[in-house]
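Okay, everyone, thanks for coming. Let me put the sequence and the structure up, and then I'll talk you through them.

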Amino acid sequence: MEGNPRSGELYGEMARPTKYKGSYCKEIVQFFAIPKSERVVKSVITGKNDYERTDYESKPNELPTFAKFARKIGVNGDTIVAWTKKHKKFSAAYNMAKELQKEFLVDNGLAGLYPPASFIFTAKNVTDMKDKTETDITSGGKPIPLLNNVRKK
């Protein structure tokens with residue numbers, strides 16, 4: 001290996017200085033810890049005797065993503081993932097942000113603020129949620145003899 005790793009020089013080339021800052025740990029959590037929705041006025045109904053009723057509806061806020069956070073701080077998404085491998089505190093903050101993002105998505109989805117198909121698609125592709133599939137790899141689909149004996153008794 002050529003070069004002095006302490007100076008940032010490896011293989012005869014200069015390594016780029018990192019853009020990482022310790023403050024990004026707090027910033028990434030704050031970026032994902034936004035209100036899930038906001039209450040907006042749907043209609044105002046005025047009736048007899050100056051009666052007024054205001055109806056509200058919930059509107060989901062924009063889903064925070066790691067790509068948006070990366071753009072905000074001037075790096076790409078691959079850089080953020082690389083930082084999780086080099087900086088333990090940032091890795092913990094990144095995992096907290098993932099949990100906040102999942103909670104944001106699930107809470108808004110269960111509140112009916114997204115069309116069901118888009119909610120399911122996004123949940124599968126943005127979080128670790130997947131359809132549950134069970135496969136029997138032990139019996140080839142045939143009854144397992146031990147269970148047959150239990151059922152007979």
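I'll start with the overall layout and then go through rings, charges and a couple of single residues.

Quick housekeeping: this is a predicted model, so bear in mind that local features need pLDDT of at least 70, side-chain atom pairs count only at pLDDT 80 or more, and totals for chains, interfaces and linings use all residues. Residues are numbered from 1 along each chain as its sequence is written, and side-chain values use heavy atoms, with hydrogens and water left out.

So, the layout. We have six helices and four strands, taken as DSSP runs numbered from the N terminus, with helices being H or I of at least four residues and strands being E of at least two. Going along the sequence, the order is β-β-α-β-β-α-α-α-α-α. The chain has 153 residues, and 22% of them count as buried. By buried I mean under 20% relative accessible area, exposed is over 50%, and partly exposed is in between, with a 1.4 Å probe and protein chains only. As for surface, the chain has about 11900 Å² accessible, and carbon and sulfur atoms hold 54% of that. Those areas are Shrake-Rupley with a 1.4 Å probe, and for residues only the protein chains shown count as cover. For contacts, meaning heavy atoms within 4.5 Å, take the ones with a separation of 6 or more: 52% of them are between residues 24 or more positions apart.

Now the rings. How many aromatic pairs does a search of the whole structure find? Ten. The rule is that rings of Phe, Tyr and Trp (its six-membered ring) pair if their centres lie within 6.5 Å; planes under 30 degrees apart are stacked, over 60 edge-to-face, and the rest tilted. Look at Tyr114 and Phe119: the ring centres are 6.4 Å apart and the planes sit at 15 degrees, so we call that pair stacked. Tyr114 is buried at 18% relative accessible area, and Phe119 is buried too, at 16%. There's also a cluster, where ring pairs link Phe31, Phe32, Phe66, Phe69 and Tyr94.

Another ring to click on is Tyr56, in strand S4, residues 52-60. The charged end of Arg39 sits over that ring, 3.9 Å from its centre. "Over" here means NZ of Lys or CZ of Arg within 6 Å of the ring centre and within 35 degrees of the ring normal. Tyr56 is partly exposed, at 43%, and it joins Val41 and Val44 in a nonpolar surface patch with about 280 Å² of accessible area together. Patches take residues with over 30% relative accessible area and no salt bridge, joining like charges within 9 Å and nonpolar side chains (Val, Leu, Ile, Met, Phe, Trp, Tyr) within 5 Å.

On to charges. Side chains of opposite charge can pair when their charged atoms come close. Searching the whole structure gives five salt bridges, each being a side-chain nitrogen of Lys or Arg within 4 Å of a carboxyl oxygen of Asp or Glu. Which residue does Lys36 form a salt bridge with? It's Asp107, with the closest N and O atoms 3.7 Å apart. That pair links distant parts of the chain, 71 residues apart: Lys36 is in the loop between helix H1 (24-32) and strand S3 (37-46), and Asp107 is in helix H4, residues 88-110. Lys36 is partly exposed at 25%, and so is Asp107 at 35%. Add Glu103 and you have a salt-bridge network of Lys36, Glu103 and Asp107.

Two other bridges: Glu62 with Lys68, closest N and O atoms 2.6 Å apart, and Lys124 with Asp131, at 2.6 Å. In the former, Glu62 is exposed at 59% while Lys68 is partly exposed at 24%. In the latter, Lys124 is partly exposed at 28% and Asp131 exposed at 52%.

Last, two buried residues. Asn61, in the loop between S4 and helix H2 (66-73), is buried at 18%. Setting aside neighbours within four places in sequence, Asn61's contacts include Lys36, Phe104 and Tyr114. Then there's Val106 in helix H4, buried at 19%. Beyond four places in sequence, Val106 touches Phe119 and Met129. And from Val106 to Thr127 is 21 residues in sequence, but 9.8 Å in space, C-alpha to C-alpha.
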